[in-house]
Every structure is written in C-alpha cells, then in structure tokens.
Amino acid sequence: MRKLKGMRVAILVADGFEQVELTRPRTALEDAGAYTEIVSPAQRYVKGWSFTNWGRKFRVNVPLEEADARHFDALLLPGGVLNPDTHRLHPKAIAFIKAFADADKPIASICHGPWTLINAGIARGRTLTSWPSLEVDLRNAGADWVDQQVVRDGRLITSRKPDDIPAFNSWMLDLFAEHCATATQRGAEAQAT
C-alpha cells in the first residue's frame with residue numbers, strides 16, 4: 001500500500017500549464033495522503049490550459065519568490081507549452097527545480113515539463129521521455145530520450161502526455177512512497193542514536 005501521509009509535494013506551474021496534468025496527479029497524491037501546494041510565479045491565481053482552450057484558475061499556495069525547496073519532500077512538474085517555457089526563463093524557477101535534484105528529492109515531470117530539466121542542468125546523462133517535440137532538445141542537452149509511457153531514472157520520473165497519466169501516477173506514487181519510507185527510516189535511525 002502506498003503511504004504518503006505527511007509528505008509535502010510542490011507543484012510548480014505558471015499560466016498555461018496543462019490542467020489535467022495538475023489535477024489528476026494532484027488527486028492521486030492527495031488520495032495517497034500527501035499534502036500538495038501550488039507554487040507559481042503568479043501571486044494569487046494561476047490559469048490552466050485545457051487541451052485547446054484556457055482552463056480554470058487555481059489558487060497559488062506559495063508564490064515562487066517565497067518558495068523554498070527545503071520545505072517540500074517532492075516536486076511535480078506538469079506540462080503545457082507555455083508553462084515550462086515561462087519557467088525556463090525564470091531563474092528562481094530553475095533554482096527551485098535544481099534544489100530538489102541537488103537534495104536527491106524525487107521529481108515527477110510530464111509532457112513538456114522536462115524542458116525545465118534542461119535549464120536546471122539535470123537532463124544530461126539521464127534517460128527521459130517527454131512530449132515528442134522535446135526529443136531533439138533533450139538529446140542536444142545530453143539526455144537519452146526514449147518513446148515510452150513512463151521512464152524512471154533514479155529519483156526522476158518522466159512521462160509523455162495526458163494519455164499516459166494513469167501509468168505516470170502509478171510510477172510517481174511508487175517513487176514518492178520509496179522516498180517517504182527512506183526518510184522515515186533515516187528519522188528513526190537518527191532518534192535511536
């Protein structure tokens with residue numbers, strides 16, 4: 001059984017994120033006991049994209065300027081073209097993503113989300129998947145791009161598109177649960193000494 005009780009997951013999005021790539025993984029995380037927070041360069045609300053039109057607005061829980069990766073256990077990076085393209089040009093967003101990788105915290109990214117991994121310097125040497133149009137960008141950044149529903153490389157999960165969300169959610173929950181179990185074990189060992 002997957003147990004994410006008490007886990008804090010940051011969901012980094014800017015206007016134009018693919019709405020279903022936030023809502024469905026977020027529901028899966030919360031159903032497993034995780035606490036999710038939307039982090040965004042937007043101050044109060046961030047607007048989703050629903051396949052071919054603007055979607056709905058979501059409340060921002062933590063403005064990006066105030067966000068600290070140390071306060072979270074894992075990171076979710078939804079796609080959508082506008083969303084990661086905005087983050088790639090935002091130094092604080094890239095630093096936030098990089099901080100999770102540097103701390104060996106799990107990251108799950110879907111569709112166009114892996115674009116940001118290039119700018120954060122964590123694509124090189126990794127096996128990744130993404131929306132097909134990112135293949136050349138990821139290969140040029142030194143990643144081994146593969147066309148699979150979901151790919152896991154260490155503490156990094158990537159996936160191609162909304163149709164892959166069921167598999168993406170399953171793999172993400174497994175990875176995040178592993179991280180929870182490891183963190184719990186470390187905490188118990190530290191208290192014992």
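Is Phe-58 buried or exposed? Phe-58 is buried, with a relative accessible area of 5%. Before I go further, please keep in mind that this is a predicted model.

I will begin with the aromatic rings, then move to the pocket, the cavity and the helices.

A pair of aromatic rings is described by the distance of the centres and the angle of the planes. The count for this model comes to four aromatic pairs. In one of them, Phe-58 is partnered with Phe-17. Their ring centres are 5.5 Å apart with 65° between the planes, and the pair is edge-to-face. Phe-17 sits in strand S2, residues 17-18, while Phe-58 belongs to strand S5, residues 53-59, so this pair ties together parts that are 41 residues apart in sequence. Phe-17 is also buried, at a relative accessible area of 0%.

Another pair is Phe-96 with Phe-100. Here the centres are 5.1 Å apart and the planes stand at 80°; an angle over 60 counts as edge-to-face, so that is the label for this pair. Both residues are in helix H3, residues 91-102, and they are four residues apart, about one turn of the helix. An α-helix has 3.6 residues a turn, so residues three or four places apart point the same way. Phe-96 is buried at 4% relative accessible area, and Phe-100 is buried at 0%.

Phe-96 and Phe-100 also belong to one aromatic cluster together with Phe-72. Two basic side chains come in at this cluster. The charged end of Arg-8 sits over the ring of Phe-72, 4.9 Å from the ring centre. Lys-105 lies over the face of Phe-100, and the distance to that ring centre is 5.7 Å.

Next, the open space. The largest pocket has a volume of about 200 Å³. Which residues line the largest pocket? The lining consists of Gly-16, Glu-18, Glu-21, Trp-49, Phe-51, Gly-80, Val-81, Leu-82, Cys-111, His-112, Trp-131 and Pro-162. By class, that is seven nonpolar, three polar and two charged residues.

Two of those lining residues, Phe-51 and Cys-111, deserve a look at the backbone. Most residues other than glycine have a negative phi, and most peptide bonds are trans. Phe-51 is not a glycine, yet its phi is positive, about 65°. Phe-51 is in the loop between strand S4, 45-50, and S5. Cys-111 likewise has a positive phi, near 65°, in a residue other than glycine. The loop that holds Cys-111 runs between strand S8, 107-110, and helix H4, 115-119.

Where they part is accessibility. Phe-51 counts as exposed, at 53% relative accessibility. Cys-111 counts as buried, at 5%.

Now the enclosed space. How many cavities of 30 Å³ or more does a search of the whole structure find? The search finds one. About 30 Å³ of space lies in the largest cavity. Its lining is made of Leu-12, Leu-77, Pro-78, Asn-83, Pro-84, His-87, Ile-97, Gly-113 and Thr-116. The largest share of that lining, three residues, comes from helix H2, residues 82-88. Divided by class, the cavity lining has five nonpolar residues, four polar and no charged.

On to helix H1, residues 20-31. Why does the length of H1 agree with what should be expected? At 1.5 Å a residue, its 12 residues should span 16 Å, and the end C-alpha atoms are 16 Å apart, which agrees. The buried residues in H1 are Val-20, Glu-21, Leu-22, Pro-25, Arg-26, Ala-28 and Leu-29. Glu-21 and Arg-26 are thus on the buried list, and Glu-21 is also one of the residues lining the largest pocket. Just after H1, Gly-33 takes a positive phi of about 105°.

The last stop is helix H6, residues 165-192, where Leu-175 lies. Leu-175 counts as buried, at 0% relative accessibility. Leu-175 and Leu-64 are 111 residues apart along the chain, and their C-alpha atoms are separated by 25 Å.

To go back to the opening residue: Phe-58 is buried, and its edge-to-face partner is Phe-17. That is what I have for today.

Methods: Residues are numbered from 1 along each chain as its sequence is written. This is a predicted model: local features need pLDDT of at least 70, side-chain atom pairs count only at pLDDT 80 or more; totals for chains, interfaces and linings use all residues. Side-chain values use heavy atoms; hydrogens and water are left out. On a 1 Å grid over the protein atoms alone, a cavity is a set of points where a 1.4 Å probe fits but cannot get out, and a pocket is an open set with protein on both sides within 12 Å along at least five of seven lines; lining residues have an atom within 4 Å of a point. Grid points are joined across faces, edges and corners, and a volume is the space filled by probe spheres set on the points. Ala, Val, Leu, Ile, Met, Phe, Trp, Tyr, Cys and Pro count as nonpolar, Asp, Glu, Lys and Arg as charged, and the others, Gly among them, as polar. Rings of Phe, Tyr and Trp (its six-membered ring) pair if their centres lie within 6.5 Å; planes under 30 degrees apart count as stacked, over 60 as edge-to-face and the rest as tilted. Helices (H or I, at least four residues) and strands (E, at least two) are DSSP runs, numbered from the N terminus. Buried means under 20% relative accessible area, exposed over 50%, partly exposed in between (1.4 Å probe, protein chains only). A charge sits over a ring if NZ of Lys or CZ of Arg is within 6 Å of the ring centre and within 35 degrees of the ring normal. The expected span of a helix is 1.5 Å times one less than its number of residues.
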